[in-house]
Amino acid sequence: MTARQRAWLLPPSVLFLILGILIGRSTASPLFPLLACLPVLAGLLISRGWFRFASCMALCLVLGAAAGQAAWHPVLPAEGDYEVRGIVSDEIRSGNYSRRSTVLTGVTLNGRPFSSGVFWSCYMDDEELPDGFAPGCEVSFRASLYYPAGADNPDGYDFREELLRRGVTACVYGKDSLVVSAPSVFSFAGITASWRSRLSGSLIECMGEEAGGYTAALLLGQRSMIPSEDRAAFARLGVAHILSVSGFHTGVLILMLSGLFRILSLRPRVRLMLYAVTLLIYCALCGMSQPVIRASLLLLLSLGGKLLNRPRVSLHLLCAVMFVMLLWSPAQLTGISFQLSFCAVLGIALIMPYLDGLNPFRGKVASYLWSCLALAASAELGVLLPVLYYYQKLPLLSLLINVPASLLASAVIAVDWVVLLLLTVPYLCALPADAAAFLTGLMVRSVRAVSALPGITLWTHASTIWTLLGMIPVWYALSSLFRPSMRRRILCLAAGTAAVCLSLVSWPHYGTEYMQFSVGNADAAVIWDQDTVFVMDTGTDDGVLSGFLRRNRLTPDAVILTHLHTDHAGGLQSLLDDEIPVRVLYLPAGAEEQEIHEDIRLLLEKLRASGTDFRILSRGDTLPLPSGSVTVLWPESNRVRARQDANNYSLVSRLTLHGVTLLQAGDISGDYESYAAAPADLLKASHHGSYFSTSAGFLSAVDPQAILLSCGRISRHEDFSARTNGIPVWSTARSGTLTIRFSENTFTVIPYLSQSEPGGLTDGS
C-alpha cells in the first residue's frame with residue numbers, strides 16, 4: 001500500500017468493522033466469518049496496492065461479523081429454576097413497589113460456573129433486607145432464570161441489548177431461601193462495587209445527602225443517588241452529560257493532574273506513565289464503565305502523541321479508539337452512550353477547527369470564551385442526530401448554558417476530588433467539603449431555576465433518514481476537511497438546515513389504527529384515528545407508551561383508564577416524567593373508591609394539581625371519534641360498590657371504527673363479564689387471559705373473528721389459545737406490539753415481531 005493509503009486506513013476500517021458487527025448481529029450462524037476468514041487472509045498476504053487495501057477492509061468486515069455474532073448470540077442455559085450464587089457487583093437499585101435489582105458476577109447455577117453476569121430482580125420491603133446486603137456481598141438463593149427480552153414495541157427499549165452492553169446475558173427473578181454472606185471467592189467487580197458503595201456512604205456522611213449524592217454521581221458514576229426530577233432538569237437544559245461520568249469528567253481529572261505534574265516538573269515519559277496508572281485506577285473505581293474507558297484511551301493516545309512528539313490527527317485517534325472498543329465489546333455499537341460519546345468527539349474534531357478559525361476577537365479572555373463556544377457548538381452539532389432520535393427534545397438554551405454550566409461543573413468536580421482524597425483526614429476534609437457542598441448547591445439550584453422556565457425545550461418528531469440527509473450539507477459547510485467557497489458554505493448551511501427542520505415536522509395522519517403495546521402482564525393501547533389520539537390504559541411505569549407518544553410527537557386528546565391497578569395506570573408516571581400533558585382523564589364509575597395502591601392515588605393527585613380534567617364513564621356513555629366511537633358497556637353507575645376488587649368494575653367498551661367493532665374487556669372477571677357481553681369483530685381479552693375470565697359463554701356471546709391478548713409469557717398464550725375453540729389469538733408475548741389497521745368494514749392485524757401465530761388471522765371483514 002502507498003503511504004496515502006496507509007494514512008487513511010483507519011476510518012474506512014472502522015466503517016467496515018461496524019458493517020460486519022451489524023451483519024453478525026443479524027445472524028446466529030458463525031458460518032460467514034468462518035468461511036470468509038481463509039480467503040481474506042490469503043488475499044491480504046498476496047495482494048498489493050489497492051487490492052491489499054480492499055483485503056484489509058474485508059478482514060475488518062469478517063472480524064466484525066465474528067465479534068457481532070459472538071456478542072449477540074451467546075450460548076445460554078435452559079430457562080427454569082436454579083440454585084443461584086454470585087457476588088453483588090453493582091448498585092442495588094430500588095424501584096417502584098419495593099422492587100430491587102442489581103447485577104451478579106462470579107455466578108454459579110446449580111453449582112456450575114456461568115460465563116457472564118446475571119441481572120437479578122426481586123421484590124423486597126425495607127423490613128425484609130437481610131444484614132450485610134450491600135454491593136460486594138455474596139448471595140445465594142433459588143430463582144427462575146429467563147432470557148432478557150429484546151425490543152417488542154416500535155422503537156421500544158431493548159432490555160436485552162442494554163444488558164449485553166453490561167456483560168450480562170441472562171436474568172434471574174426471585175429470592176427464595178436468600179442467604180447473604182462475605183465473598184468466598186475473589187471478584188474484581190464485587191470489590192470495586194464495594195469501594196464505590198463505601199465511598200458514596202462516606203461522602204454523604206461528610207457532605208450531606210444532596211451534596212454527597214451528587215459527588216458520588218460525578219466522581220463514581222452512582223447516578224441513582226440523584227433524584228429523577230433533577231436528572232430531568234439537567235436534560236431539559238441540554239447539560240445531562242454533566243451527570244454521567246464520561247469524557248468530560250475524565251478530562252477534568254487529566255487537567256488537574258496536568259497542573260500538578262507541571263508544578264513537579266516531571267519528565268514526559270514519567271507523566272505519561274502516571275496518567276496511565278491514574279486512569280486505570282479511575283476506570284476500576286467506576287466499575288470499568290465503558291464511557292470512562294473510551295475517554296481514557298482517547299486521552300492517553302492524545303497525551304502520548306503530544307508528550308512524545310508524535311503526529312496526532314483527531315479523526316484517526318477517534319477511529320483507533322472506536323476500533324479497539326468495538327472489538328472488545330461489539331454490543332456497545334447500539335448504545336446511546338457510545339453513539340453520543342463518539343459523535344460529540346467527531347463533531348469537535350471536524351467542526352471546531354473551522355468555527356475556532358472564525359474568532360473575531362484578539363483578547364485572551366474573549367478568544368478563550370469564543371473557543372469554549374466553538375467547542376460546545378461543535379459537540380452539539382455532533383450529537384444532534386442521536387439526541388433527536390432518542391429523546392425528541394431540542395434544548396433551546398443549550399449553547400448558551402453549556403459553557404457556564406460546564407465551567408461550574410468543572411469547579412465542582414475539582415473540589416469533589418479534593419474531598420474524596422481527604423476523606424480519611426476529617427479535619428482537613430471539612431473546609432473543601434463545605435466548599436463542594438456550596439458549589440454543588442449553587443449548580444443544582446441554578447439548573448432547577450432555569451429548567452423551570454417555560455419554552456426552553458422544543459419537542460420535535462424523532463429524527464429520520466431525511467434528517468441525516470439534511471445534516472450532510474451542514475457538516476460539509478462547517479467541516480475542516482473541506483474547503484468550499486463562502487457562497488457554497490452559506491448555501492449548503494441554509495439548505496441543510498431547512499431540510500432538517502422539515503424532517504422534524506409532524507405531518508397529518510390519515511389512517512385509523514389501534515395499537516396494543518407489549519408491556520408484559522399489563523395493558524397499554526393507543527387509538528390513533530386521523531389526528532385524534534386516545535390512550536386506553538397506560539401499562540406500568542416502563543416508558544413504553546410515553547416513548548411512542550414522544551417519538552411521534554403525539555399529545556393524547558384523552559387518557560382512558562379501565563381501572564386503577566398499577567398494571568393499567570402505573571404508566572401515568574412516565575407521561576408526567578416525559579412532560580406529555582394529560583388533558584382529560586376518563587375513569588369508570590367508582591374507580592377511586594375501590595382497593596388501589598397508594599402510589600396510584602398519589603399519581604392522581606399530581607394530575608389534579610396539574611389541571612387534568614377528570615371525567616367519569618358508565619354504561620351508555622359514548623366518546624366520538626372521526627371514524628366511529630367508543631361506547632361504554634360496563635360498569636353501571638348504580639351497581640358499583642366501594643372497597644371491592646377493582647377488576648370487577650373494570651371499564652368494558654366497544655370501539656367502532658369504519659364499521660368494525662372491537663370489544664375492549666379491560667380486566668373484568670368471569671363473575672361480571674356477562675353484564676358486558678356484546679357481539680364484536682375483535683376481542684381484546686380481559687385480565688391477560690387468566691383462567692378467571694373470558695369464559696366459554698362470554699366468547700360465544702361476543703363471537704369474535706380474532707382475539708388480542710396482552711400477556712408476558714408464551715405459556716399464557718398457549719394456555720389461553722387451548723380454550724378459545726379455534727378462534728385465532730394474537731398475543732403480545734409472541735408478536736410484540738399488535739397494530740390493527742381499519743378500513744371500511746375490514747381490519748388487518750400487523751404484528752411487530754415476525755413470529756407466526758398458530759391459526760392466526762391477518763385480515764378480517
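Helix 6 (residues 188-207) and helix 7 (residues 209-220) have axes that come within 7 Å and cross at roughly 145 degrees. This is a predicted model, and in it the crossing of helix 6 and helix 7 is right-handed. On the helix 6 side, the contact is made by R196, L199, S200, L203, I204 and M207. Across from them, helix 7 brings E209, A211, G212, G213, T215, A216 and L220. Sorted by class, the contact of helix 6 with helix 7 has seven nonpolar, four polar and two charged residues.

Now for the empty space. The structure holds one cavity of 30 Å³ or more. There is also the second largest pocket, an open space of about 1,200 Å³. Here are the two together:

| Space | Volume | Lining by class |
|---|---|---|
| Largest cavity | About 40 Å³ | six nonpolar, three polar, no charged residues |
| Second largest pocket | About 1,200 Å³ | 27 nonpolar, five polar, no charged residues |

What lines the largest cavity? The walls come from H563, L564, P588, A589, G590, A591, Q594, A646 and Y649.

Back to the second largest pocket, with its volume of about 1,200 Å³. Its lining has 32 residues, and L15, C343, L346, L385 and L468 are the closest to the centre. Which helices each supply at least two residues of that lining? They are helix 2 (10-26), helix 12 (314-328), helix 13 (336-357), helix 14 (364-391) and helix 17 (465-478). No charged residue turns up in the lining of this pocket, and the lining of the largest cavity has none either.

Notes:
Residues numbered from 1 in each chain as written. Predicted model: local features only at pLDDT ≥ 70, side-chain atom pairs only at ≥ 80, totals over all residues. Heavy atoms only, no water. Axes fitted to C-alpha atoms, helices over the stretch in contact; angles between N-to-C directions. Helix = DSSP H or I, 4+ residues; strand = E, 2+ residues; numbered from the N terminus. Left-handed = near helix turned anticlockwise from the far one by under 90°. Contact = heavy atoms within 4.5 Å. Nonpolar A, V, L, I, M, F, W, Y, C, P; charged D, E, K, R; others polar. 1 Å grid on protein atoms, 1.4 Å probe; cavity = no way out; pocket = protein on both sides within 12 Å on 5 of 7 lines; lining within 4 Å. Points joined across faces, edges and corners; volume = space filled by probe spheres on them.
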